[in-house]
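Biologist: I'd like to learn how the labels for a structure get decided. Can we look at one together and take the labels one by one?

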Amino acid sequence: MEKSWVVQFMGLNFDMVGIIGSTLMALAVLFLCVWLSKKVEMKPNKRQNVMEYMLDFTNGIVKDNVEDVDAQKHLSLYAFVLFLFIWFMNQLGMFLEVKVDDWMVIKSPTADPVATMSFAMMTLLLSFTFGVQKFGVGGYLKNYAAPVSFLLPINIIEEFTNFLTLSLRLYGNIYAGEVLLTLIGDRLATSFGLPTMVLAAPLAMIWQGFSVFIGSIQAYVFVTLSMVYIGKKVTKE
């Protein structure tokens with residue numbers, strides 16, 4: 001059973017596995033963006049084309065789900081960085097998982113519900129911010145009772161369900177993928193010697209490829225639903 005590496009500082013517990021993984025992936029996103037946008041020209045080169053394609057892709061998600069033009073301007077960069085950051089973190093544990101004895105050091109940060117809940121909370125706070133900016137505090141609160149007042153408790157409960165489903169969907173998919181990969185690599189490969197080792201190798205490669213696909217889809221779903229939730233806050237019922 002793997003153990004979490006937790007460091008206590010000033011009475012607070014810090015999960016070093018999540019901190020190390022997210023820091024590495026933040027640096028990877030920074031390096032990728034700097035490398036792709038290096039030497040920007042009027043006639044785009046191949047690296048510039050890749051950067052512009054990714055920006056167009058995330059901008060399309062924003063425009064499809066957020067009607068407010070002012071909000072679109074602020075959300076375009078958020079959606080771009082959020083998609084890349086989550087995508088990189090989803091893939092980390094598929095290709096690099098480091099354990100020292102029974103202590104886990106590096107794995108996908110999104111295989112931890114605390115990380116995914118942090119992303120969901122960022123989206124939730126942004127939706128509140130844009131909603132208040134659009135309608136003011138009074139107008140924003142009135143929207144909870146729109147279009148009819150008896151929907152008020154349902155709309156309030158919806159805030160909690162949106163937060164939980166947004167975060168736990170991502171966590172569940174990535175965590176399940178890593179668990180299955182561990183079972184194939186550690187349990188199946190060593191259960192009956194060479195025959196199961198030969199069987200486990202192609203299964204692990206197939207599952208890794210499938211997990212890359214799932215991780216990409218989950219990054220897209222997370223960003224899309226984030227834009228849907230924010231878009232609802234800046235649109236009057």
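Modeller: Sure, let's start with Leu-84, which counts as buried at 4% relative accessibility. Before we go on, this is a predicted model, with residues numbered from 1 along each chain as its sequence is written. Local features need pLDDT of at least 70 and side-chain atom pairs count only at pLDDT 80 or more, while totals for chains, interfaces and linings use all residues; side-chain values use heavy atoms, with hydrogens and water left out.

Biologist: Why is Leu-84 called buried?

Modeller: Buried means under 20% relative accessible area, exposed means over 50%, and partly exposed is in between (1.4 Å probe, protein chains only). Leu-84 has 4%, and that is under 20%, so the label is buried.

Biologist: Where does Leu-84 sit, and what does Leu-84 touch?

Modeller: Leu-84 is in helix α3. Helices are DSSP runs of H or I with at least four residues, strands are runs of E with at least two, and both are numbered from the N terminus. Leaving out residues up to four places away in sequence, Leu-84 touches Val-29, Leu-32, Cys-33 and Met-54; contact means heavy atoms within 4.5 Å.

Biologist: What does the whole chain look like in those terms?

Modeller: The protein chain has six helices and four strands, in the order β-β-α-α-α-β-β-α-α-α from the N terminus. Of its 237 residues, 37% are buried.

Biologist: What makes a set of residues a nonpolar core?

Modeller: A nonpolar core is a set of buried Ala, Val, Leu, Ile, Met, Phe, Trp, Tyr and Cys residues, joined through side-chain atoms within 4.5 Å. The largest one here has 40 residues, and Leu-75 and Met-227 have the most contacts inside it. Among the elements that give two or more residues to this core are α1 (16–36), α3 (69–95) and α6 (194–233). The largest share, 13 residues, comes from α3. As for Leu-75, its partners beyond four places in sequence are Val-62, Val-66, Phe-130, Met-227 and Ile-230.

Biologist: Now the helices. Why is α2 called oblique to α3?

Modeller: Their axes come within 9 Å and cross at roughly 120°. That makes α2 oblique to α3, because angles under 35 degrees count as roughly parallel, over 145 as roughly antiparallel, 65 to 115 as roughly perpendicular, and the rest as oblique. The axes are lines fitted to C-alpha atoms, for helices over the stretch in contact, and angles run from 0 to 180 degrees between N-to-C directions. Residues making the contact include Met-54, Phe-57 and Thr-58 of α2, and Leu-75, Phe-83 and Leu-84 of α3.

Biologist: And what makes α1 oblique to α3?

Modeller: The axes of α1 and α3 come within 9 Å and cross at roughly 125°. That value falls in none of the named ranges, so α1 is oblique to α3. The contact includes Val-29, Leu-32 and Cys-33 of α1, with Phe-80, Leu-84 and Phe-88 among the partners in α3.

Biologist: How do you know that two rings form an aromatic pair?

Modeller: Rings of Phe, Tyr and Trp (its six-membered ring) pair if their centres lie within 6.5 Å; planes under 30 degrees apart count as stacked, over 60 as edge-to-face, and the rest as tilted. The whole structure has seven aromatic pairs. One of them, Phe-57 with Tyr-220, is 5.8 Å centre to centre with 35° between the planes, so it is a tilted pair. Phe-57 is in helix α2 and Tyr-220 in helix α6, 163 residues apart.

Biologist: Why is Phe-57 called partly exposed?

Modeller: Its relative accessible area is 32%, which lies between 20% and 50%, so partly exposed is the label. Tyr-220 gets that label too, at 36%.

Biologist: What makes Phe-210 and Phe-213 a tilted pair?

Modeller: Their ring centres are 6.4 Å apart, within the 6.5 Å limit, and their planes are at 35°, so the pair is tilted. Both lie in helix α6, three residues apart, about one turn of the helix.

Biologist: Last one: how do you know that Thr-116 is buried?

Modeller: Thr-116 has 0% relative accessibility, and that is under 20%, so Thr-116 counts as buried. It lies in helix α4. Apart from neighbours within four places in sequence, Thr-116 is in contact with Thr-110, Ser-167, Leu-170, Tyr-171 and Phe-222.
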